[in-house]
Amino acid sequence: MTITVAAVVGLIIGLMAGVVLGLMGRPRWWTVCLRLPEELHRSLREEATDHMCSLKAEIISRLQASLGQPNEDQVVDAPRV
């Protein structure tokens, strides 16, 4: 089986472009595991329910507000049913 130089070069360029575009285009997210006191967790869960969002969205919104950061990468969450 013969692979032409053009095919190999095209493959390399395509892979490099995909990596570069992939790293540039999307926001970076971190996964953080933390332990909350039961009462704090319950309060946050109730507030999230009242705001019709997930616990994650509620926590992110509150952290952004407390740090004075705009909600540029706001978590879009489906309403809770």
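Read along the sequence, the protein follows the pattern α-α-α, and its secondary structure comes to 3 helices and 0 strands. The model is a predicted one, and the values given below are computed from its atoms. Of the 81 residues of the protein, 11% count as buried, while the accessible surface comes to about 7,400 Å², of which 63% belongs to carbon and sulfur atoms. Among the contacts between residues at least 6 apart in sequence, 35% join residues at least 24 apart.

With that outline in mind, we can turn to the charged side chains. A search of the whole structure finds 4 salt bridges, and one of them can be found within helix α2, where the side chains of Arg-42 and Glu-38 meet with a distance of 3.6 Å from N to O. These two residues both lie in helix α2 and are 4 residues apart, which is about one turn of the helix. Glu-38 counts as exposed because its relative accessibility is 60%, and exposed residues are those over 50%. Arg-42, in contrast, counts as partly exposed, with a relative accessibility of 37%. The pair also belongs to a wider group, since Glu-38, Glu-39 and Arg-42 are linked in a network of salt bridges.

A second place to look is where helix α2 and helix α3 are joined by side chains. Glu-47 forms a salt bridge with Arg-62, and the closest N and O atoms of the two are 3.6 Å apart. Because Glu-47 lies in helix α2 and Arg-62 in helix α3, the pair ties together parts that are 15 residues apart in sequence. Both partners are partly exposed, for Glu-47 has a relative accessible area of 29% and Arg-62 has a relative accessibility of 40%.

Arg-62 also takes part in a salt bridge with Glu-58, in which the side chains meet at 2.7 Å from N to O. Arg-62 and Glu-58 both lie in helix α3, 4 residues apart, or about one turn of the helix. Is Glu-58 buried or exposed? Glu-58 counts as buried because its relative accessibility is 5%, and the limit for a buried residue is under 20%.

What does Glu-58 touch, if residues up to four places away in sequence are not counted? The residues in contact with Glu-58 are Leu-44, Glu-47, Ala-48, His-51 and Cys-53, so that Glu-47, the salt-bridge partner of Arg-62, is found in this list as well. With His-51 there is also a polar contact, in which the side chains of Glu-58 and His-51 are joined at 2.8 Å.

The last stop is the loop between α2 (38–50) and α3 (55–66), where Met-52 is found. Met-52 counts as exposed because its relative accessibility is 52%, a value to be set beside the cut-off of over 50%. The backbone of Met-52 deserves a careful look too, as its phi is near 55 degrees, a positive value in a residue other than glycine. Most residues other than glycine have a negative phi.

Taken together, these places can be followed in order on the structure: the pair of Glu-38 and Arg-42 in helix α2, then Met-52 in the loop, and then Glu-58 and Arg-62 in helix α3, with the salt bridge from Glu-47 to Arg-62 tying parts of the two helices together.

Note on methods
Residues numbered from 1 in each chain as written. Predicted model: local features only at pLDDT ≥ 70, side-chain atom pairs only at ≥ 80, totals over all residues. Heavy atoms only, no water. Buried < 20%, exposed > 50% of the residue type's maximum accessible area, 1.4 Å probe, protein only. Polar contact = N/O pair within 3.5 Å; in protein donor to acceptor, adjacent residues only side chain to side chain. Contact = heavy atoms within 4.5 Å. Areas by Shrake-Rupley, 256 points an atom, 1.4 Å probe, with all protein chains shown as cover.
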